[in-house]
Amino acid sequence: MDTNTETTVDKKPRNEPKNEHKKEKWGTKLEFLLTCLSYVIGFGNIWRFPYICYKNGGGAFLIPYFLSLGFIGFPLMVIEMTLGQYSAKGKVSVWQFIMVAVQAVYYNMLVGWSLRYFLASFTFDDLPWKRCNHTWNTGNCTEGQVGNSSNLKSPSDEYFHEDVLAINKDIADVDDLRWDLVFCLFMAWLMVFLSVSRGVKGIGKISYFTTLFPYVCLTILFIRGITLEGAWNGISFYITPDWTKLFNTSVWIDASQQIFFSLSISWGTMITLSSYNNFENHLILDATIIAFGNSMTSIAAGFVIFAYMGAVAHVRGVDVSKVATSGSGLAFMMYPEAVAMFPWGQLFSAVFFFMLILLGMGSQTPNIESLLSAVLDFRPDRRKYRLFILLQFCIIGFLLGLIYCNTAGMYWFTLFNDFVASTSAMFVGLVEVVSIAWVYGIDKFMDHMTEMAGNPPTPKLFWKIVWKYVTPIALIFLLIATLWTTKAPEYRDYIYPTWTVLFGWAVIVLQVLPIPVVAMYYLCKCYRENTGIKDVSVPDVDWKNKDTSSSESNGDKPPDNTPANTPDNTPANTPDTTPAN
């Protein structure tokens with residue numbers, strides 16, 4: 001009789017209704033790690049870090065790079081992961097999501113361009129950017145040495161600007177859509193929809209491929225690259241240290257900015273990804289793996305890219321510095337030119353651009369999931385309409401992205417990517433760390449970390465000093481230096497009109513405006529109610545994740561009809577969840 005009673009208590013009632021409002025969890029911890037790695041490892045690792053490293057002293061650049069990682073990037077990442085895991089809520093509950101919405105629109109255009117090149121790689125003839133005998137080529141196209149002449153253009157340069165972009169001379173001329181780019185952008189958003197539609201567990205499953213296969217591509221490209229004549233000259237150029245660069249302030253600014261944006265902190269997406277964790281997850285170990293994996297990938301990508309730069313420089317008969325470049329020039333001109341010079345160029349071109357598509361999708365799907373999670377955390381009763389809301393996001397993103405599909409699209413992309421995205425993210429990062437360390441209270445915050453992991457972050461004094469002093473001071477310096485050195489965006493020889501610069505600053509202000517607006521609201525509330533700032537800085541009572549037990553998330557929670565106040569039937573290890581008065 002007693003045995004039957006125990007069995008009845010332990011079983012979950014068959015007719016227990018499904019909680020449609022309950023937040024999803026990751027299928028496994030590995031899926032969370034792979035998704036985070038896929039998110040932080042993107043285009044910047046391939047086309048920005050290698051050039052920044054070379055420009056700022058080669059191997060010597062790693063010193064400010066890793067110092068910035070330890071005192072700016074890593075501490076901010078731990079804060080964001082803690083906010084997400086402790087609250088189990090996305091950005092609407094913890095931060096604003098305007099920045100990630102702006103970024104998601106232009107970032108998917110990179111996937112669209114990569115898809116355009118990927119499709120063009122499937123040809124039995126020469127790659128279309130190898131020769132100057134096409135209809136889009138001008139009289140300035142040359143298959144020989146470009147040299148220092150500003151008039152001569154390589155075939156890959158003209159293919160990108162004259163055929164793919166059909167670039168015009170005025171950012172305001174947005175009438176002429178490039179329908180092949182419209183199709184590629186549509187396919188990019190369709191891939192995002194299909195990837196996110198299965199929920200966070202579906203994203204976790206896809207991350208096995210989007211995270212791991214790019215490493216296979218990098219390995220293939222590296223093996224092929226080092227066999228090319230001149231490749232080792234490029235690699236030597238990449239890693240040779242120039243210690244005198246360390247005395248240049250711009251080197252330290254570049255290192256901090258690279259860490260800041262490479263880890264994708266302050267966008268809020270890391271908060272969302274961590275909100276799907278179990279409450280007891282050891283997040284500092286996770287942050288270490290993610291940060292280390294991101295940095296090692298950037299360094300490894302540099303060897304691959306500079307091997308091909310060295311090969312191109314050898315064929316042209318010029319120094320590596322003459323072909324070293326970053327951004328779209330690297331991905332869509334220099335590298336395509338390199339693979340077109342050698343046998344099996346079609347294969348290695350397809351591998352490279354397929355890798356770029358995977359890197360872009362790996363970063364884009366968490367961005368859209370974070371926007372979706374923000375809405376659903378704000379309105380849990382809308383979870384049953386998840387697919388419909390996702391479809392709306394993708395349609396709106398596609399329509400807004402059409403601005404990048406016209407003949408002035410590259411000017412608009414540069415405006416948002418190089419100008420708008422920088423300042424706002426650093427400002428948000430500064431507000432995050434100051435709010436946690438000085439307003440909410442760093443000791444209270446570290447108590448929450450202890451509550452989740454079972455022990456405080458160690459060494460405790462180190463973390464307190466970093467969060468209260470080192471990171472805020474470093475971010476203040478970085479923000480001031482960025483504002484001081486920020487200039488109007490530029491693309492090749494095009495001079496942006498004044499109204500575009502004002503528009504860019506307006507978008508920056510729009511992204512950070514909710515912060516001072518909300519702050520002023522609470523200051524006015526303090527004045528009206530005659531209370532202190534500390535009183536209104538206390539979070540809501542539901543700020544802590546209600547599902548604080550991993551056993552409960554796995555379905556082991558006793559049923560609601562277990563008799564209460566009956567000692568014989570009360571599980572011995574059930575914690576007291578009665579709120580304190």
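**Annotated binding-site residues and their surroundings in the predicted model**

A polar contact of 2.8 Å joins the side chains of Asn294 and Ser262 in this predicted model. Both residues belong to a set that UniProt, in an unreviewed entry, annotates as "binding site", together with Asn45, Leu359 and Ser363. The five positions are spread over 319 residues of sequence, yet they cluster in space, with a largest C-alpha distance of 12.7 Å. Leu359 is the member of this set that also appears in the lining of the largest cavity.

Asn294 is carried by helix α14, which spans residues 283–316. Its relative accessibility is 0%, so Asn294 counts as buried. Beyond residues up to four places away in sequence, Asn294 touches Leu37, Val40, Ile41, Asn45, Tyr65, Ser262 and Leu263. Two of these partners, Asn45 and Ser262, are themselves annotated as "binding site" in the UniProt entry.

A second annotated position, Ser363, is located in helix α16 (residues 345–378). Ser363 has a relative accessible area of 5% and is therefore buried. The side chain of Ser363 places a polar atom 2.9 Å from the backbone oxygen of Tyr39. With residues up to four places away in sequence left out, the contacts of Ser363 are Ser38, Tyr39, Ile41, Gly42 and Tyr107. Ile41 is thus a contact of Ser363 and is likewise listed among the contacts of Asn294.

The surroundings of these positions lead to the internal cavities. The model contains three cavities of 30 Å³ or more, and the largest cavity holds about 60 Å³ of space. The largest cavity is lined by Leu37, Ser38, Ile41, Thr210, Thr211, Pro214, Tyr215, Leu218, Thr297 and Leu359. Helix α10 (199–226) and helix α2 (29–40) each contribute at least two residues to this lining, and α10 provides the largest share, with five residues. In terms of residue class, the lining comprises six nonpolar and four polar residues, with no charged residue. Among the lining residues, Leu37 and Ile41 are also in contact with Asn294, while Ser38 and Ile41 are in contact with Ser363.

Helix α2 also carries Glu31. This residue is buried because its relative accessible area is 2%, below the 20% limit for that class. Although 169 residues separate Glu31 from Val200 in sequence, their C-alpha atoms are 9.4 Å apart in space. Apart from residues up to four places away in sequence, Glu31 touches Trp26, Lys201, Gly204, Lys205, Ser207 and Tyr208. The side chain of Glu31 additionally reaches the backbone nitrogen of Gly27 at a distance of 3.3 Å.

A further side-chain pair involves Asp157 in helix α8 (residues 155–164). Asp157 is buried, with a relative accessible area of 12%. Its side chain forms a polar contact of 3.2 Å with the side chain of Arg492. Once neighbours within four places in sequence are set aside, Asp157 is in contact with Met333 and Arg492.

Backbone geometry was examined next. Most residues other than glycine have a negative phi, and most peptide bonds are trans. By contrast, the peptide bond from Thr458 to Pro459 is cis, with omega near -10°. Pro459 is situated in the loop between α18 (409–453) and α19 (460–485). Positive phi values are found at Ala166, near 50°, and at Trp344, near 60°. Ala166 occupies the loop between α8 and α9 (179–196), whereas Trp344 is placed in the loop between α15 (328–340) and α16. The two residues also fall into opposite accessibility classes: Ala166 is buried at a relative accessible area of 18%, while Trp344 is exposed at 64%.

Over the chain as a whole, the secondary structure consists of 23 helices and two strands. Of its 581 residues, 52% count as buried. Among contacts between residues at least 6 apart in sequence, 83% join residues at least 24 apart.

Terms used
Residues are numbered from 1 along each chain as its sequence is written. This is a predicted model: local features need pLDDT of at least 70, side-chain atom pairs count only at pLDDT 80 or more; totals for chains, interfaces and linings use all residues. Side-chain values use heavy atoms; hydrogens and water are left out. UniProt positions are given in the numbering used here, feature names are shortened, and annotations may be inferred rather than shown by experiment. On a 1 Å grid over the protein atoms alone, a cavity is a set of points where a 1.4 Å probe fits but cannot get out, and a pocket is an open set with protein on both sides within 12 Å along at least five of seven lines; lining residues have an atom within 4 Å of a point. Helices (H or I, at least four residues) and strands (E, at least two) are DSSP runs, numbered from the N terminus. Buried means under 20% relative accessible area, exposed over 50%, partly exposed in between (1.4 Å probe, protein chains only). Contact means heavy atoms within 4.5 Å. A polar contact is a pair of N or O atoms within 3.5 Å; within protein, one must be able to donate a hydrogen and the other to accept it, and residues adjacent in sequence count only if both atoms are side-chain atoms. Grid points are joined across faces, edges and corners, and a volume is the space filled by probe spheres set on the points. Ala, Val, Leu, Ile, Met, Phe, Trp, Tyr, Cys and Pro count as nonpolar, Asp, Glu, Lys and Arg as charged, and the others, Gly among them, as polar.
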